[in-house]
Structures are given as C-alpha cells and as structure tokens.
Amino acid sequence: MRNYYQPEIETMPLPQLQALQSERLVAQVKHVYENVAFYRARMDEAGVKPEDIHGIEDLHRLPFVTKDDLRDQYPYGLLAVPLSECVRIQSTSGTTGRRVVSFYTQEDIDLWEDCCARAIVAAGGTREDVCHVCYGYGLFTGGPGLNGGSHKVGCLTLPMSSGNTERQLQFMTDLGSTIICCTPSYAANLGEVINERGLRDQIRLKAGIFGAEPWTEEMRRDIQESLGIRAYDIYGLTEISGPGVSFECEEQAGMHIQEDHFIPEIINPDTGEVLPEGEVGELVFTCITKKAFPLLRYRTRDLCYLTRKECSCGRTHIRMHKPMGRSDDMMVVKGVNVWPSQIEAVLLNQGYQANYQILVDRVGNNDTIEVQVELTPEMAENPTMPVDKREKKIVAGLKSMLGIKVDVKVVEPKTITRSEGKAVRVIDKRKLY
Ligand code: DLL
C-alpha cells in the first residue's frame, strides 16, 4: 500500500513543490487533451496546445471548467480513461439541478484516501484512535472518504453513517470513540444531546473533523466547549475528489491545500482575472494527479482567500481561509448581499446556538427576511431578558452587520428541525415563484 504519510511532501520547500506541480501539470494537460474531446475542443478554441504548457506559470492559459460544463457533459463526457479502468463513482445530491457524478480509478481512490488520512493525522489521529465516521455513506463522499483515510492511518474505524443519534451515542460511549467526523451542524446537535443527558463524562472524544458546509469561528468555539474537543475544519467537493482537498492542522488557522494533488487559484468571479494572494475571490482547482475525472481550472463557486504565511506545523502547503459561503449561496435581499454565515456570527456572538433558520420571501415588490432562532435551554430555564428585548438586540446586531432590517423571531428550544447531514439554513420562497 502507498504510504499516506509523506511528511517530505507536506513540508517540501516551495521551489521543489512547484517543480513537482509543473511536472504533473504538463503530464495532466497532455492526458486530458489526448483523451477527452471536451478538453481538446476547449483548448483548440482558446488556441492552446499541450506543448504550450511548460509549467504552472502557464496555468492561466487554460480555459475554465464550470458546473454547467459538468452538467452538459453528464454522465461520461469528461471521463479521461476507459470505463473499464474505473472502479467507483460518487455523486452530489443533485438538489440544485442535475447530479454531478465523479469517477475514480483505484489509484484515484488511493490518492483521495491519502488526503483524508493526512487530515486525520493533522487532527492528532494515530493507530491508537477510534475514529467515528458519521458523515453519510453511499454516493456522498464524506463517509467513504474519511472511512478510507481512517483505515490508512490504522485507526479502529466505526462506519456509522449519518442519523440515528441513539445508536451514535451508544457506540461512542461503549467503544470509546476518540475522533469524530461529521458535519459541524450535526456535531452541534450531538453536543446538545450529550450535555442534556449528562453523558459528557462517558465520552472520550478528543478531536472532531468537521466540514461539508460553511461554519463560523463562533460555532467552532461552541462545539469545542460542548464536546470538550478540538474541532478541525476539512474541505472538499465531489468534483475534485471529496473531503481532504484541504484541512486544518493544530494551528486551526486556515486549511492546508494538498498542493501535490490540487493547484489552487483565486479569481475575480466576474472577470475571471487571477487575484493575488490574500484577496477574496472564487476558488479554482486544477487536479494534477487524478486520472479518471481530472478537472482543470474548475470554478468551485466557493469564496475565500489564500495565504502562504509560514505555519508553525511545518507544512508548506498553502492555506485557504474558511469559505465565506458560495457565490451562489449569497442572497440578494432588499438589494444587499447577505451570506448566511454573517447571520450565524451575529447569533452565536449573542450566546445562541446554531439552531436557526432564515426565511426569505417577497411581498408585492418587496423582499422580506426573517431569522428564527431558538432560545438555548439555559436561556429558557433562566430568563434574564424578555423575549421581545432579545429580538430587538438581534435586530440591532443584524442591522449593523448587514445594513438592512431583518425580522427576528426567538422561538422555544427544539422548535427548529435538527440536521443529520448538511443543514438547511435558508428557505428562499422567492425561488419557488
Ligand atoms: O461536501 C465533501 C466533503 C465531505 C467535505 C465531508 C468535507 C467533509 P459536496 O457535497 O460536493 O462535497 O459539497 C461541496 O460543500 O463546494 C463547499 O461549498 C461546501 N463545503 C465543503 N466543505 C466545506 C467547509 C462535500 N469545510 C461543497 N467549509 C463545497 C465550507 C464547505 N463549505
């Protein structure tokens, strides 16, 4: 088996890393040009031949690939190896249009699991750990990815999948799970139940690896407190392989992108112009090692910035800041750009937990926006402030964050449906008209 833990790659000096990227990029461009009619046509259209790509300095010459391209080429149009070499597919849920299906050779799966293994190691995982994976299994990449990574680290792996909180708690307490992998919203949900039932001293968790949806620093603080663990962020997307494209180390200050496999760029989403380090824009990835479904300059629609600032962990791979939401997550309400993460930050800063929902609608020509948030059990038991005063305080916080008036309803604990996978935070009824 390949050795996942390649500290020499994770800590490689930049010039060597870039030389490796260049070599891999040149080979990848040749591979897709020769094997995928779509890339050949796009590159011909842009007047770029594989021979024109000498290294990463030429990356910007390649055309972008978008989610619409993936949908148009569904299912086999972007496949770069014969079907007989593929051993797996994974897929997105397809809730916002046609499914995205991604293909893997056995080697692609190995590389992907290596990335997840690196993430587990970065969160302190060793073969002594009991790794409780409650991301969904099946077509979703979360369960299979972290499961494979956990095997490679040599942890005892609990392939729990999502849901069935009773069973999760039973295995967690009986088997002494030390690392948990799930969405941050489900982690918050578990923390709530564990504390309600007084199970804190029966759990052995030390770390959590949470991703698949945006979450704020405030939510990290809450989860760390309620579960008594360190909560690490992990990022990825089905199109680029799944979880493990980037992950946090012990610094918990941005996620190291696995640059030996994926070259990141940040672009201006309107013009496509490549932006310098530190500027916020749309994250774009080029896969330089995957063989079956290698996307080149894929526009993720996730917004963030990159930093090469030295990290105390010794990894040299560039770090991405937590995605601030997706360009398509952004709502325009009353003419103002609103991201759910901004609303979450205001609520959590005022002591609420991440049990909230945002309802957007249109009455006549006017947008309406209402935020419903639950009282925490302590607030309900020990009311230090009347509910109408609480609501006014949140309205003021949101006004100063967003610049618009948001209606707020503070509701009783347990009124808002809990998530077992990715949380549904926004109900935008305007999209239904
Ligand atoms: O969510 C893969 C994954 C599984 C990542 C488990 C981490 C852990 P998709 O379902 O294809 O894949 O969704 C990908 O989810 O483009 C982001 O918008 C969002 N996302 C993923 N991780 C994070 C994160 C998986 N840590 C889409 N923070 C991406 C913010 C995230 N958003």
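The following paragraphs describe the nonpolar cores and the helix packing of a predicted model.

The largest nonpolar core comprises 48 residues, and those with the most contacts inside it are Phe210, Ile223, Ile343, Leu347 and Leu398. Helix α8, spanning residues 184–196, supplies the largest share of this core, with 5 residues. When residues up to four places away in sequence are set aside, Leu398 is in contact with Ile343, Val346, Val371, Gly403, Ile404, Val406 and Val408. Apart from this core lies another, of 46 residues, which includes Val48, Leu78, Cys86 and Cys115.

Ile223, one of the residues with the most contacts inside the largest core, belongs to helix α9 (residues 217–227), where the buried residues are Glu218, Met219, Arg220, Ile223, Ser226 and Leu227. The elements covering these buried residues include helices α8 and α10 (340–349) together with strands β6 (207–211), β7 (230–237) and β8 (242–248). Helix α9 is followed by Gly228, for which the phi angle is positive, near 65 degrees.

Helix α8 also packs against helix α7 (residues 165–175), the two axes coming within 11 Å and crossing at roughly 70 degrees. Because angles of 65 to 115 degrees count as roughly perpendicular, α7 is roughly perpendicular to α8. On the α7 side the contact is made by Thr165, Gln168, Leu169 and Met172, and on the α8 side by Tyr186, Leu190, Val193 and Ile194. Classified by residue type, this contact between α7 and α8 has 6 nonpolar residues and 2 polar residues, with no charged residues.

Note on methods. Residues numbered from 1 in each chain as written. Predicted model: local features only at pLDDT ≥ 70, side-chain atom pairs only at ≥ 80, totals over all residues. Heavy atoms only, no water. Core = buried A, V, L, I, M, F, W, Y, C linked by side-chain atoms within 4.5 Å. Buried < 20%, exposed > 50% of the residue type's maximum accessible area, 1.4 Å probe, protein only. Helix = DSSP H or I, 4+ residues; strand = E, 2+ residues; numbered from the N terminus. Contact = heavy atoms within 4.5 Å. Axes fitted to C-alpha atoms, helices over the stretch in contact; angles between N-to-C directions. Parallel < 35°, antiparallel > 145°, perpendicular 65-115°, else oblique. Nonpolar A, V, L, I, M, F, W, Y, C, P; charged D, E, K, R; others polar.
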